[in-house]
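Let's take a walk through a protein structure together. Have the sequence and the 3D view ready, and follow along strand by strand.

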Amino acid sequence: MLEIRNLHVAIEDGSKKILNGLNLTIRDGEVAAIMGPNGSGKSTLSYVIAGKEDYEVLDGEILLNGHNLLEMEPDARAAAGVFLAFQYPLEIPGVATMTFLKAALNAQRKGRGEDELTTPDFMRRVKLGAEKLGIPQDMLKRGLNVGFSGGEKKRMEILQMALLEPSIGILDETDSGLDIDALKIVSEGVNALRSANRSFLVITHYQRLLNYIVPDTVHVMSKGKIVRTGGKELALELEANGYADYVEAA
Amino acid sequence: MATITPLKTSAEQALFGQAAALPLVRKTAFEKFEQSGLPHRRVEAYHYTDLRALLKDAPPPALAGAHVSTPSPFSALAMTVLTLVDGRLDLGQSSDLPAGITVTESADIPDDGTEAASVLSSDPMIALNAAFADRPLRITIAAGTQLETPLCLRLVTTGSHSVYPRISIEIGANVQATIIESHEGAASGALINSVVEMRVADHVTLDHIRVNLVDSSATLLTSFGGSLGQECVYRGSNFVIGGHLSRHQIFLRFEGEGSNAQLSGAALLNVRQHADTTLVVDHAVPNCQSRELFAHVLDDESTGVFQGKIVVRPGAQQTDGKMMSRAIVLADGATMNNKPELEIFADDVACGHGATVGALDDDLLFYLRARGLPKREAEALMLQAFVGEALEGIAHDGLREHLETLTENWLKTRA
């Protein structure tokens with residue numbers, strides 16, 4: 001379970017407040033969507049949960065399964081079960097995708113006090129995951145995300161999530177830059193990972209993604225806090241009416 | 001009237017004393033050195049590596065007869081090894097030579113009057129080498145020789161003395177070879193000043209890898225002067241881990257058309273190491289291509305210097321030259337000095353240079369950490385990739401992998 005209580009966050013120099021007393025609870029197995037206009041703080045929320053250093057947390061707490069994430073380094077948060085699928089996955093020339101995947105998986109296992117995977121076991125898992133997402137083997141030999149299309153990068157994010165088996169997967173505008181076929185593949189990849197002990201936070205501007213990844217709850221975010229919560233039908237309402245009401249109300 | 005005597009540093013005083021006492025010294029070469037003394041920051045080529053200030057002493061030259069017991073760092077790879085102990089060939093610790101290679105010692109350093117030779121002799125430290133080098137070595141690789149295994153020149157220094165290795169290599173037409181120049185050993189205070197000259201005939205494919213693995217308290221100055229004939233491929237690499245103070249000078253000259261040179265290098269520096277790579281690629285003829293990529297990783301209070309110059313002579317049309325220097329600075333106390341230059345006297349050429357200095361990319365670092373890699377491990381992965389790019393040009397797989405392992409080990413010591 002992810003619990004965020006009264007979260008106040010400013011950018012690092014303290015000049016601009018982005019989150020203003022945000023409260024959010026995501027139960028085990030729940031898929032929660034956050035929608036909201038540009039600049040409402042959605043991506044900031046995802047970065048603060050994952051531990052990016054460019055932000056200053058002024059107040060509040062974030063608990064994952066009872067662990068206080070704000071006291072942990074980003075890598076410890078990952079080992080504790082946080083996974084952020086980036087809106088813009090970064091390219092790392094010279095680091096083969098396979099090398100990176102193995103390093104990440106083993107670092108997390110080590111962080112949790114587990115043994116490293118044997119190479120055959122690791123290869124089998126990667127191959128299986130890659131096949132499901134339509135990722136060709138030769139992509140795994142190339143530098144991480146180097147020369148990948150937008151859709152390939154997003155698929156690679158989902159492959160990482162499948163291998164790392166987080167307890168919460170945060171999808172930061174995973175639908176941006178995807179054509180309809182890629183959107184389906186990525187959504188199927190996410191849906192296959194849904195389980196009773198894994199929850200998701202899906203951040204998006206558009207209702208379209210939520211046709212494929214059907215949420216249990218939809219939250220509307222404006223000016224750094226949640227201003228309305230409802231079921232999946234709320235997304236349709238937003239699509240029809242826009243965010244104008246919430247921007248004024250907040 | 002009082003005469004004004006310029007003050008000599010203690011290192012200079014030691015050198016003058018040695019020159020007066022030793023019978024072998026080549027007087028004219030020493031006189032050349034004497035005119036300038038140790039180069040200092042007001043000498044442009046040595047602006048960032050002020051030897052007058054940095055070189056505290058010049059220990060006496062090594063005596064003959066020392067023995068080397070440490071195995072070659074490349075002993076796992078099949079190689080033909082020539083070991084130079086304190087600058088002198090030691091046949092007892094060298095391999096049998098394959099057909100096509102001949103090695104001779106001579107007391108002379110012939111001045112063949114070429115322009116390449118005059119570039120070398122104008123540098124005071126190269127002149128100093130010419131003065132003190134007591135057993136210049138001459139290696140010939142006969143035309144048409146295809147070396148199956150690399151020729152490894154182990155230049156091993158056994159203690160804290162001065163060593164002046166001098167090697168001239170003549171490579172005949174249609175040769176294919178890999179030559180490794182491995183600088184090893186030495187102890188605190190040692191001064192190694194080595195010069196390698198190479199004349200390469202036409203249609204030669206040559207890999208030349210220089211590795212600085214000397215003790216981290218020693219001073220290593222290397223100078224390389226090479227000339228390439230027609231339609232050659234020359235891949236030169238420079239890998240620096242060792243030395244408290246080091247300078248690697250590379251002077252490469254195209255003398256035949258249609259040749260291609262790829263020069264690359266990586267320097268991994270920490271504590272108070274100072275490493276300088278100074279490079280002049282001289283396009284004296286048309287239709288040649290040169291590529292340079294040098295990477296520095298600087299930790300603690302280390303200093304890196306990259307001076308690279310591409311010269312395009314009048315008439316050297318269709319020259320294609322590109323030079324890049326990249327540095328990653330890991331600590332506030334570390335410094336990088338970049339000085340790329342183009343000197344172009346022809347009007348139909350494509351030349352460019354670039355230089356970057358920066359910290360590790362924070363966003364990339366966060367991406368890796370968000371996947372569970374601890375900070376040091378994430379940094380190591382990024383640095384390994386950064387250095388790997390500069391090692392990519394090394395064609396010999398085993399050797400490249402060995403240097404990658406040395407890089408990995410260096411990165412582990414940071415943790």
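Start in chain B, where E1(B) and E5(B) run parallel to each other and are joined by 6 bridges. Keep in mind that you're looking at a predicted model. To find your place in this pairing, look for Leu84(B), whose bridge partner in E5(B) is Leu155(B).

Now look at the neighbors. E5(B) also pairs with strand E8 (residues 176-185) of chain B, again in parallel, through 7 bridges. Here Leu151(B) has Ile179(B) of E8(B) as its bridge partner. Go back to E1(B), which covers residues 80-85, and you'll find 2 bridges to E2(B), this time antiparallel. Val85(B) sits opposite Arg88(B) of E2(B) there.

Zoom out, and these strands turn out to belong to an open sheet of 10 strands with mixed pairing. Its order in chain B is E2-E1-E5-E8-E10-E12-E14-E16-E18-E20. At the edges are strand E2 (88-89) and strand E20 (350-358) of chain B, each pairing on one side only.

So is E5(B) buried or exposed? All 7 of the 7 residues in this strand (151-157) are buried, so the rest of the structure largely encloses it. It helps to know that side chains in a regular strand alternate between the two faces of the sheet. On one side of E5(B) you have Leu151(B), Leu153(B), Leu155(B) and Thr157(B), and on the other Cys152(B), Arg154(B) and Val156(B); both faces are covered.

What lies across strands E14 (260-269), E16 (289-298) and E18 (320-329) of chain B? That's helix H7 (residues 375-391) of chain B, which runs at about 155° to E16(B).

Next, the core. In soluble globular proteins, nonpolar side chains tend to be buried together. The largest nonpolar core here has 191 residues, and Val82(A) and Ile171(B) touch the most other members. H7(B) supplies the largest share of this core, with 9 residues. Leaving out residues up to four places away in sequence, Val82(A) touches Ile49(A), Ala50(A), Leu64(A), Leu69(A), Arg77(A), Pro166(A) and Ile168(A).

Finally, see where the chains meet: 20 residues from chain A and 16 residues from chain B take part in the contact. On the chain A side, the elements giving two or more residues are helix H2 (74-80), strand E7 (92-96), helix H3 (97-111) and helix H6 (150-164). H3(A) gives the most, with 5 residues. Sorted by class, this side of chain A has 14 nonpolar, 4 polar and 2 charged residues.

Key:
Residues are numbered from 1 along each chain as its sequence is written. Chains are lettered from A and ligands numbered from 1 in the order in which they are written. This is a predicted model: local features need pLDDT of at least 70, side-chain atom pairs count only at pLDDT 80 or more; totals for chains, interfaces and linings use all residues. Two residues are in contact if their C-beta atoms, placed from the backbone, lie within 7 Å. Helices (H or I, at least four residues) and strands (E, at least two) are DSSP runs, numbered from the N terminus. Ala, Val, Leu, Ile, Met, Phe, Trp, Tyr, Cys and Pro count as nonpolar, Asp, Glu, Lys and Arg as charged, and the others, Gly among them, as polar. Two strands pair if DSSP finds at least two bridges between them. Axes are lines fitted to C-alpha atoms, for helices over the stretch in contact, and angles run from 0 to 180 degrees between N-to-C directions. A nonpolar core is a set of buried Ala, Val, Leu, Ile, Met, Phe, Trp, Tyr and Cys residues joined through C-beta atoms within 7 Å. A residue is buried if 20 or more other C-beta atoms lie within 10 Å of its own, exposed if 12 or fewer, and partly exposed in between; C-beta atoms are placed from the backbone.
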